[in-house]
Amino acid sequence: MKRIFTTLIVTCVALTMQAQQHQLWYDKPATHWLQALPIGNSHLGAMVYGGTDIEEIQLNEETFWSGSPHNNNSTEARAHLQEVRDSVFAGHEEGAHAILDKFFFKGPHGMRFLPMGSLKLTFRKTGEVSDYRRSLDLSTAMAKTQYRIGDVTYDRTSFASQADNVIIVNLQANKTGALSFNIAFDSPLAATSQVDSHQLTTLIQGVEQEGIPAGLQAECRVSVKTDGEVIDSKENMRISNATSATIYITAATNFVNYHDVSGNPTWKNILTLSAIRGKSFNRLAEDHLKKYQEQYNRVSLSLPKSGKEEQPTDQRLATFDGTDLDMVSLMMQYGRYLLISSSQPGGQPANLQGVWNDKLNAPWDSKYTININAEMNYWPALVGNLAETQEPLFSMIQDLSETGAKTAQEMYGCNGWMAHHNTDLWRIAGPVDGTTWGMFPTGGAWLTTHLWQHYLYTGDKVFLAKYYPVMKGAADFLIDYMQEYPADGAIKQAAGWLVTNPTVSPEHGPMGKRTTVTAGSTMDNQIVFDVLSQVIAAAKVLGVDSGSLSTINNALSKIPPMQIGRYGQLQEWMIDGDDPKDEHRHISHLYGLYPSNQISPFNHRDLFTAAANTLKQRGDMATGWSLGWKINFWARMLDGNHAYRIISNMLTMIPDSIEWGPHGGTYPNLFDAHPPFQIDGNFGCAAGICEMLLQSHDGAVHLLPALPDAWKEGEVKGLQARGAFTVDMTWKENVLQEAVITSKIGGVLRLRSYLPLVGEGLKEATGDCPNPLMVPAAIKQPLQSKELKKLQLLPVPQIYEYDVDTTPGQTIRVKIEPHN
């Protein structure tokens with residue numbers, strides 16, 4: 001057994017030589033879920049505590065949710081829609097709010113993501129523990145626990161294999177026969193366990209919610225192989241006098257899709273376990289590493305180390321002062337790790353907590369909140385070179401285009417499809433929670449922009465053709481839903497504009513109004529602009545729908561322009577209702593800055609300045625996910641120092657005892673703290689770090705656009721740019737040394753730099769960007785408030801731009817032009 005364990009170590013070292021080495025590590029076991037370490041393969045998630053008396057491995061299965069197939073559309077909404085619209089246009093938004101609450105929110109408010117329970121290993125201890133260490137190695141996706149009792153060293157290795165769809169736990173002792181423990185399953189739900197032939201099977205019952213009956217059951221199967229003795233009892237297994245043991249965990253539900261729960265979890269589990277029968281632990285580990293590292297190893301970020309990585313991670317976090325630059329790299333790679341672990345082709349998208357939840361009633365049900373949070377989950381996917389992790393999101397969008405078509409017709413009498421601000425496993429598209437939050441008709445439309453962004457990064461026309469009907473359906477709904485603002489409406493200058501009504505700017509209302517209800521919020525206008533523009537562009541690429549483009553173009557021409565208010569801010573609503581002292585967590589009207597590309601320092605300095613004013617007014621502290629968004633905002637503002645200030649704010653230790661609070665940060669296990677835990681902040685942070693190093697949304701591939709002064713030297717490899725380019729860069733003294741750009745599909749590469757570049761084939765760029773995959777947005781000229789005396793425009797850095805023609809597979813090397 002010692003030889004087998006040594007072979008495993010050699011194998012892991014060999015397979016991780018090319019992987020960036022980052023670990024979360026601790027010098028004591030976890031005593032709280034927010035100290036435990038996450039592993040996952042998208043289908044299964046587990047939180048590993050690393051106990052020495054009792055090891056707890058808390059388990060989730062991605063399709064184990066409350067309820068069953070249903071929709072939550074209100075059948076009373078359509079009859080009252082015109083009354084709502086008339087009230088909003090007349091300036092009586094509070095009256096409209098009351099009507100919406102009464103007639104539009106009639107269905108269930110979404111189902112919740114459930115925990116299955118925990119596998120618990122109870123050990124026979126014979127002395128005091130010493131030399132304790134538990135860790136999560138991001139390069140291997142393996143959680144390890146090691147400690148000594150007397151002269152015996154105990155090692156545990158846990159990983160969730162994508163390759164074999166199982167969770168593996170391997171236990172080793174360096175002394176023959178020194179390993180003895182009990183295996184049992186504990187669930188907070190109604191569950192029954194039985195043991196047969198060294199296999200523990202637990203059936204966990206789902207739950208009803210808001211009158212929607214339980215339609216799902218989860219089955220978890222646990223098998224064990226060991227050189228010791230296995231004694232089966234009714235509900236647990238006892239392993240005695242072993243030197244090694246390997247535990248195999250699999251789970252499944254009867255879920256097939258959002259309208260079919262006829263699956264057989266027993267059959268699924270048996271097939272999974274049968275497929276690994278005969279595979280050694282080493283083979284399972286090798287297959288896991290090969291599959292995982294194929295994705296993880298695509299990107300690396302090296303920043304100077306300070307020695308603080310030698311501290312336990314919770315202590316390192318608690319003392320973060322901005323000098324531990326390797327912590328920044330760790331957070332970027334941790335975000336990528338979590339996305340790989342919670343979202344893979346064929347599975348469900350990463351929800352509000354990824355694929356990890358220990359609570360019967362998770363915060364906000366751990367649903368898919370599509371007024372920012374679900375979208376943020378996937379921000380690192382493209383730039384971070386993990387495009388395939390989006391496939392579950394695309395599948396959900398496809399599902400919503402079906403369920404949302406019924407919602408569009410039944411509630412609003414509109415063609416196409418839509419979804420509000422939340423959905424779940426059952427792909428509900430009706431509104432939830434109440435008008436303040438739920439009257440957001442553009443959640444589905446926002447999701448479709450991810451389809452277009454995938455095309456911009458890949459140039460994949462087959463993909464675009466597959467999802468074009470989904471994009472077109474979202475546009476069809478918007479064109480039917482939007483209303484022309486009447487001449488006798490409350491906002492005189494809005495007459496003739498085409499606006500969404502009713503809508504909200506997510507979860508936030510203007511001064512002077514006691515409601516979030518409005519017409520034509522700035523965020524909605526920006527989303528509509530993107531969706532209509534992208535459908536027009538996609539139709540031209542594919543050569544389809546030429547007859548309907550005039551209708552879309554006509555609607556596009558009537559969308560309200562962005563407006564700069566009396567405080568120099570970008571207005572959140574058509575009225576100038578922003579409070580400069582309001583530090584609300586949602587900054588939805590800066591959607592046009594990020595993730596969209598409608599606010600450019602080079603094309604609209606006035607909007608660029610107004611966006612900066614808005615960001616300053618909202619402040620640098622917020623909830624965790626909001627901090628993640630602000631990192632990206634400041635990166636797009638080309639202000640690396642401010643972006644790094646937000647990262648530093650995010651790296652504020654939030655004790656695991658604080659599960660609810662107003663200010664965000666990071667928990668001991670580096671989960672994002674809203675608080676409570678929401679995984680979107682982890683993904684937003686990872687994306688923001690990438691965005692500080694590379695941008696490609698505004699007419700060029702911009703190298704090191706927002707590099708902080710503190711990041712004096714470093715190297716990044718594998719980032720992706722629109723146009724299907726892969727970018728590697730090194731820099732010293734805050735100056736680019738070399739960039740290596742590989743073209744996947746060919747085409748013109750336009751480069752942007754703060755210093756002159758030299759390289760084979762480079763020529764000075766002139767005119768508009770010739771590559772259609774990275775063109776800037778063509779927006780209307782913004783309006784300015786008459787109360788704004790003068791807008792002091794922000795300075796824009798000098799830039800140098802170059803074009804080079806590329807062929808598929810070609811690599812371009814550029815450097816800073818040497819001084820004469």
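In the hairpin of β2 and β3, three residues lie between the strands, and S42 among the residues of this hairpin takes a positive phi near 85 degrees. The model is a predicted one, so it is worth keeping its confidence values in mind as we go along. On either side of that turn, β2 (residues 37-40) and β3 run antiparallel and are paired over four bridges. If you would like one pair to look at, take I39, whose bridge partner in β3 is A46.

Let us stay with β3 for a moment. Where do its side chains point? L44, A46 and V48 face one way, while G45 and M47 face the other way, and all are buried. This fits a general pattern: in a regular strand the side chains alternate between the two faces of the sheet. Because five of the five residues of β3 are buried, the strand is largely enclosed by the rest of the structure.

From β3 the path leads on to β4. The hairpin of these two strands has five residues between them, and here G50 takes a positive phi, near 75 degrees. Strand β3 (residues 44-48) pairs with β4 in the antiparallel sense, over five bridges. Two of the residues we have just met show how the strands line up: A46 stands opposite L59 in β4, and V48 has I57 of β4 as its bridge partner. A46 thus appears in two pairings, with I39 and with L59.

Strand β4 itself (residues 54-61) is mostly covered, with seven of its eight residues buried. Besides β3, β4 is joined to β5 (residues 117-123), and these two strands run antiparallel with six bridges between them. Here E56 can serve as a guide, since its bridge partner in β5 is K120.

Now for the helices. Helix α5 (residues 281-296) has 16 residues and reaches 22 Å from its first C-alpha to its last, close to the 22 Å expected at 1.5 Å a residue. Its buried residues include F281, L284, A285, H288, L289 and Y292. A general point helps in reading such a list: an α-helix has 3.6 residues a turn, so residues three or four places apart point the same way. Among the buried residues of α5 are also polar ones to pick out by eye, including N282, D287, Q293 and Q295.

Helix α12 (residues 443-458) makes a good companion. At 1.5 Å a residue its 16 residues should span 22 Å, and its end C-alpha atoms are 24 Å apart, which agrees. How many of its residues are buried? In α12 the count is 15 of 16, so the helix is mostly covered. Just after α12 comes G459, with a positive phi near 65 degrees.

Further along the chain, five strands form an open sheet with mixed pairing, in the order β27-β28-β32-β36-β34. At its edges stand β27 (694-695) and β34 (763-764); each has a single partner strand, so one side of each is left without a neighbour in the sheet. For β27 we can look at the pairing with β28 (residues 701-703), which is antiparallel over two bridges. There, L694 stands opposite L703 in β28.

Finally, a word on confidence. The chain has a mean pLDDT of 96, and 97% of its residues reach 70 or more. Over residues 1-7, however, pLDDT stays under 50, and the model has eight contacts beyond four places in sequence for them. Residues 9-17 also have a pLDDT below 50, and this stretch has 10 contacts beyond near neighbours in sequence.

Technical notes: Residues numbered from 1 in each chain as written. Predicted model: local features only at pLDDT ≥ 70, side-chain atom pairs only at ≥ 80, totals over all residues. Heavy atoms only, no water. Pairing = 2+ DSSP bridges. Buried < 20%, exposed > 50% of the residue type's maximum accessible area, 1.4 Å probe, protein only. Expected span 1.5 Å × (residues − 1). pLDDT = per-residue confidence, 0-100. Contact = heavy atoms within 4.5 Å.
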